[in-house]
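This report introduces a single protein chain to a reader who has not met it before. Please keep the sequence and the model in view while reading.

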Amino acid sequence: DYDVVIVGAGQAGAQTAIALRQLRYQGTVALIGDEAELPYERPPLTKAYLAGEKSFERLLIRPAAFWQEKAVDLRPGCRIDAVDPAARRVTAADGTSIGYRRLVWATGGAARRLDCPGAALAGVHSMRSRADADRLASELPTARQVVVIGGGYIGLEAAAVLVGAGKAVTLIEAQQHVLARMSGTMLARFLEAEHRARGVTLRLGTAVHGIEGRDGTACGVRLASGELVPADLVIVGVGIVPAVAPLLAAGARGSDGVEVDAVCRTSLPDVYAIGDCATHANAFADGARIRLESVQNANDMAGTVARSIAGVAHPYYAVPWFWSNQYDLRLQTVGLAAGHDLAVLRGAIDARSFSVIYLRNGRVVALDCVNATKDYIQGRKLIESGADVRTDLIADSTVALTTCLQ
Ligand code: FAD
């Protein structure tokens, strides 16, 4: 039994253990995860790792020796199926029961599967884990035509790497533009043009009817229109389903994620939830309850929980940010654009270095920056300040953003 049991040895779980030891927390800590590997970073799975430019060792959050030195009891390959909040115990799939004083639920989510015929055929891949990426990589050498379903970041990143590897790539998106869930149309249109210029075939506003197979293996994607897009390999990137069933079954409040308060406590006693699987009232969304899927959120929530457990509680308060790499484009997003009433272009799209600044009621709420790190850094300060800005100045890229405050 342990003082702290962390379920999920991904970004948020690993960072919780690291932060606890940084805070000189002396209690016993177990980090339990159902994957075989040491905790690693997922972002490169659709970037440098998929491209073969980065080895798995370079994805590790910490080297193996670190966990031993810090007395963090790693338990890989262990899936927790049930939580008993009254007895303060969790039960693993193999029946092992582990007691806790504090439980941190950091399980992320499973890649959402398509609900259509052929979704489970061989050759249909999702991209959530190292195992997913390795399975995909093993089939790549013999694949010529790749269909990516979903125009979110994961789909776009995978398309960029695979077209770069010489594959014929078609990306299918149900909405009228890519990144429909997270960004405005200015960035979307720019990215669409970039992908087309590199040779990706984009099928926007296109619904998938099913995946066709031959001898049990995918051979094409049938569109709602009846057309068949041939495919040797299909990648599905249509979001995640938070892995919260055991917690909800134990009575925790939530549905699409577990609800947590300002210090990441769930409605169960001494049970916290963090990262992709937690919903929280976000200060930068006017207090609306949201679920963020980002390294920033995982790390910052981990810090919040660790401080809470170490007795120096501090509410979660962090400007959301995210990055993506596609081709030679470095995308950086900061803030939350939802509900903006004005989008201003700063810089030149043709020069492939620009930002889209999103405002609400005269204040900057978010920026999408493309090869424009300075805007990202300065824009973040504008978001944090919550102050009114000179909207007549912000479009001028010769004027520093930080000087645009009223
Ligand atoms: P995870 O890192 O997913 O960790 C959860 C762990 O818990 C997993 O190992 C899972 O197997 C395990 N688990 C689940 N259920 C159980 C159980 N019952 N028992 C035991 N273990 C369990 N974010 C960015 O900010 N920038 C990016 O560029 C970016 N790119 C990404 C690219 C890809 C391909 C992916 C998949 C994600 C990317 N993200 C990116 C998102 C980012 O990786 C996640 O937001 C982050 O990993 C969330 O951390 P987490 O700890 O909540 O979940």
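## The annotated domain

UniProt annotations may be inferred rather than shown by experiment, and feature names are shortened here. The model itself is predicted. With that in mind, UniProt, in an unreviewed entry, places the feature "domain: Reductase C-terminal" at residues 321-404. Over residues 321-404, the chain is 15% helix and 43% strand. The C-alpha atoms at the two ends of this stretch are 21 Å apart.

## Surroundings of the ligand

The ligand has 35 residues around it, and those that come nearest are Gly-8, Gly-10, Ala-12, Gly-108 and Gly-275. Sorted by class, the shell holds 16 nonpolar, 12 polar and seven charged residues.

Which elements each supply at least two residues of the shell around the ligand? They are helix α1 (11-22), helix α7 (295-309) and strand β22 (321-326).

## Strand β10 and its neighbours

Strand β10 covers residues 168-172 and is mostly covered, with four of its five residues buried. Strand β9 (residues 145-149) pairs with β10 in the parallel sense over five bridges. Within this pairing, Val-148 stands opposite Leu-171 of β10. Between β9 and β10 the chain passes through helix α4 (residues 153-164), and this β-α-β crossover is right-handed.

Strand β10 also pairs with strand β11 (residues 201-203), again in the parallel sense, over three bridges. Here the bridge partner of Thr-170 is Thr-201 in β11. Together with helix α5 (residues 185-197), β10 and β11 make a right-handed β-α-β unit.

## A four-stranded open sheet

Strands of a sheet pair through backbone hydrogen bonds, and the pairing is either parallel or antiparallel. One open sheet in the model has four strands in the order β17-β18-β20-β21, with mixed pairing. Its edge strands are β17 (254-255) and β21 (289-290), each of which pairs on one side only.

Strands β17 and β18 (residues 257-259) run antiparallel and are joined by two bridges. Ser-255 has Gly-257 in β18 as its bridge partner.

## Arg-135

Arg-135 belongs to helix α3, which spans residues 130-139. Is Arg-135 buried or partly exposed, and why? Arg-135 is partly exposed because 14 other C-beta atoms lie within 10 Å, whereas a buried residue would need 20 or more and an exposed one would have 12 or fewer.

Arg-135 and Leu-359 lie 224 residues apart along the chain, and their C-alpha atoms are separated by 42 Å.

Conventions. Residues are numbered from 1 along each chain as its sequence is written. This is a predicted model: local features need pLDDT of at least 70, side-chain atom pairs count only at pLDDT 80 or more; totals for chains, interfaces and linings use all residues. A residue is near a molecule or strand if its C-beta atom, placed from the backbone, lies within 6 Å of it. Ala, Val, Leu, Ile, Met, Phe, Trp, Tyr, Cys and Pro count as nonpolar, Asp, Glu, Lys and Arg as charged, and the others, Gly among them, as polar. Two strands pair if DSSP finds at least two bridges between them. A crossover is right-handed if, with the strands pointing away from the viewer, the path from the first strand over the helix to the second runs clockwise.
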